[in-house]
Amino acid sequence: MTVLFADIVGSTALVDRLDPEDVRALQRAYFDTVAGVLGRWHGVVEKYIGDAVMALFGARESDGFEAYRAVRAGLEIQRSLDRRPLVGGPALRVRVGVATGEAVVDLAATRNGGHGTASGAVITLAARLQEYAPPGGVALCAATHRATDGLIDQRPVPPVAVAGKALPLDVWHATDVAQPTPARHAGPLIGRRRELATVRDQLVRTVRERRPRWVSLVGPAGSGRSRLLHELVRAVAAVDGTPVRWCVAHCPPYPDEALAPVADQVRAFAGVRAQDPPPVVRRQLTTAVADLVPAPRRTEAVYALEGLLAGPDAGTDALRGAAVWQECLLTLAERQPVVVAVDDLDRGAPELGHFLHRLLAAARTRALPLAVVALHGPDRANARPGDRGCRIPLPRLSTVESGRLLRHLLRRAGQPAPLVAALLPLVDGIPGRAAAYVAALPPGGADPARLPVPDPVRRTVDTRLDRLDGPQRAVLMAAAAAGTPVNAATVDHVLGWAPGRAVAALRELVDRDLLTLRPAGYAVGDPVVAAVAAARLTRAARTELLARTELLAPAARDGSPRAGTTGTLAQPRTGTTETIGALAQPRPHPATAPSGVVTSRPARWRVRRERHEAVGGVPYRRGWASATPAVRAA
């Protein structure tokens, strides 16, 4: 998680020259301002220390942007204090430090708006960092810098020596929110040829049939959506000799302005830069829309677009400018095919979706060759039923494709090629993981199995886990900590639940691709997910788990679990009261007659065999347990 520590500069001298009543009024205004900002960015106040405030981001749940939200909160605290007049007009300045790392949090205290109790080195680091922030500034640690690189404008400062640290710490100062820029992609596209051909076919049909379409590229974070869009723009540059006009926008996390991606499309179309003065912006817009807007309406249209660029916040001026831009796109589509693409649409505000749907409806009415390409995660709903939507999922890469991608990345990074074999199980067919693991390798290479989970990968997995409800997360953590396949009876016994309660959670986890169903039971097939989920248990919980596993070993031989081995290990991060535990249960075996001859096969095993043969077409070759060596040999 990420910790924010804010402290007033020169508070002692400030308090000495104020009356107690003025001090109380100042404190109330200060704490109200800070608490309001933290609440808007979903931070949890851990404690107030004099005139300092410490807040936690990611304590209750993770969305992958804890560090980003913390830095945004730090910057907003500074701006809010500058705007809010305080009693007596004192020059109140604040230093903010932001650090990211592991901590143990009292989750029960964070519920219902209460303060949490956090422990860990990251707490001390955040407090130390704020000492090295300038008055009115925000200082970041190296982990926070990596997590917000490209999202926050920041500048490095000389390393600082901190008491208790053997080496100086690298520090960055956050300055502002970065303007979204498309990622740079180098090298060949590996895999995704089928998906690329499918999207291209949809766009070609849109042009030839003049039937607008909504095309969704759906995949989780790290699946290569942005990379595929980059290749798509190059692959569909023209249809039947007619150039295609692409209007691409990217949605940043937690956008301040709902229609900012629309404004970015206008800027790219007109060649306007963010730092251009108003006269230059007006001249560029006038030139850009000269052929798209009739002369009597041109001045009005330019002023409306200027209002959109100045404040794309879904206000009256911004909506008027968005309407003008919609008409410009429709007019442009009458002359050549137009594709409007929005990356990370699941981050966008509802107003952005409304704009895209209105644009598509108007293009359908006029039978124009216009398509909308939306890139988002699997949790977002598809296009509206009347939009003729085409949903194209981005599955995991095959083993061969993952190996090619890893060899390409390792060669570019100067790492030894034999690391491919060790990285393949960790990558699990996800391109983003491949890039993160190769970037995390030290010079000269190392055993990837001994490396910690890279921060980008951990954030993605944490987000998936925190989307689960309490019982589902409890079951997943228990299965991950056990390290061996488990069944529903095992989970019920471990968690102290009524028999049959874990069945629904296990099935849901299989549907979410977090558990796999094997002949021996349910297991966490992804080693990275298993590592992150098990790491949520405290050291004491893991120790207790190992002890219980050893106690169950003799019981496993006679097929009956020992009684009295359940207990409380930890609580899920959402604050649910369900207990977390893990026990190693015996693997289920077929019923046997007294002579040891197998008389029946359980229905659940038979179903697994039928599913395996139906899907893979390969005979099921796992042997069945038997009580006698003679039958086993036969």
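Start with disulfides: in this predicted model, the count comes to 0, taking a disulfide to be a pair of cysteine sulfur atoms within 2.5 Å. Two cysteines are worth a look all the same. Cysteine 328 counts as buried because its relative accessible area, 1%, falls under the 20% cut-off. Cysteine 390 is buried too, with a relative accessible area of 16%.

Now the parallel sheet. It is an open one with 5 strands, and reading across it the order goes S13-S14-S15-S10-S16, with parallel pairing. The edges are taken by strand S13 (245-250) and strand S16 (389-393), each of which pairs on one side only. On average, neighbouring strands here are turned by 15° against each other, ignoring direction. S13 is joined to strand S14 (residues 338-343) by 6 bridges, and the two run parallel. Within S14, valine 339 is the residue standing opposite tryptophan 246.

Two helices meet this sheet. Helix H8 (residues 225-235) lies across strand S10 (213-218), S13, S14 and strand S15 (370-376), and runs at about 160° to S13. Helix H12 (residues 316-333) packs on the sheet as well, touching S13, S14 and S15, with its direction making about 135° with that of S14.

Over to strand S3 (residues 52-57), which is mostly covered, with 6 of its 6 residues buried. Which residues point which way from S3? Ala52, Met54 and Leu56 go one way, while Val53, Ala55 and Phe57 go the other, and all are buried. That fits a general pattern: in a regular strand the side chains alternate between the two faces of the sheet.

S3 has antiparallel pairings with S1 and S2, set out here.

| Strand paired with S3 | Bridges | Residue and its partner in S3 |
|---|---|---|
| S1 (residues 2-8) | 5 bridges | threonine 2 opposite phenylalanine 57 |
| S2 (residues 44-49) | 5 bridges | valine 44 with leucine 56 |

S2 and S3 form a hairpin with 2 residues between the strands, and glycine 50 takes a positive phi there, near 65°.

Next comes a helix pair further along the chain. The axes of helix H18 (residues 470-482) and helix H21 (residues 527-535) come within 8 Å and cross at roughly 105°. Since angles of 65 to 115 degrees count as roughly perpendicular, that is how H18 sits relative to H21. On the H18 side, the contact is made by Leu476, Met477, Ala480 and Ala481, and on the H21 side by Ala530, Ala533 and Ala534. What kinds of residue make up the contact of H18 with H21? They divide into 7 nonpolar, no polar and no charged.

Finally, look at the loop between helix H17 (455-466) and H18, where leucine 468 lies. Is leucine 468 buried or exposed? Leucine 468 is buried, because its relative accessible area of 3% is under 20%. Leaving aside residues up to four places away in sequence, leucine 468 touches Arg473, Leu476, Leu509, Arg512 and Leu514. One of those, Leu476, also belongs to the H18 side of the contact with H21. Leucine 468 and glutamate 508 are 40 residues apart in sequence, yet their C-alpha atoms are 9.5 Å apart in space.

How values were computed: Residues numbered from 1 in each chain as written. Predicted model: local features only at pLDDT ≥ 70, side-chain atom pairs only at ≥ 80, totals over all residues. Heavy atoms only, no water. Pairing = 2+ DSSP bridges. Helix = DSSP H or I, 4+ residues; strand = E, 2+ residues; numbered from the N terminus. Axes fitted to C-alpha atoms, helices over the stretch in contact; angles between N-to-C directions. Contact = heavy atoms within 4.5 Å. Parallel < 35°, antiparallel > 145°, perpendicular 65-115°, else oblique. Nonpolar A, V, L, I, M, F, W, Y, C, P; charged D, E, K, R; others polar. Buried < 20%, exposed > 50% of the residue type's maximum accessible area, 1.4 Å probe, protein only.
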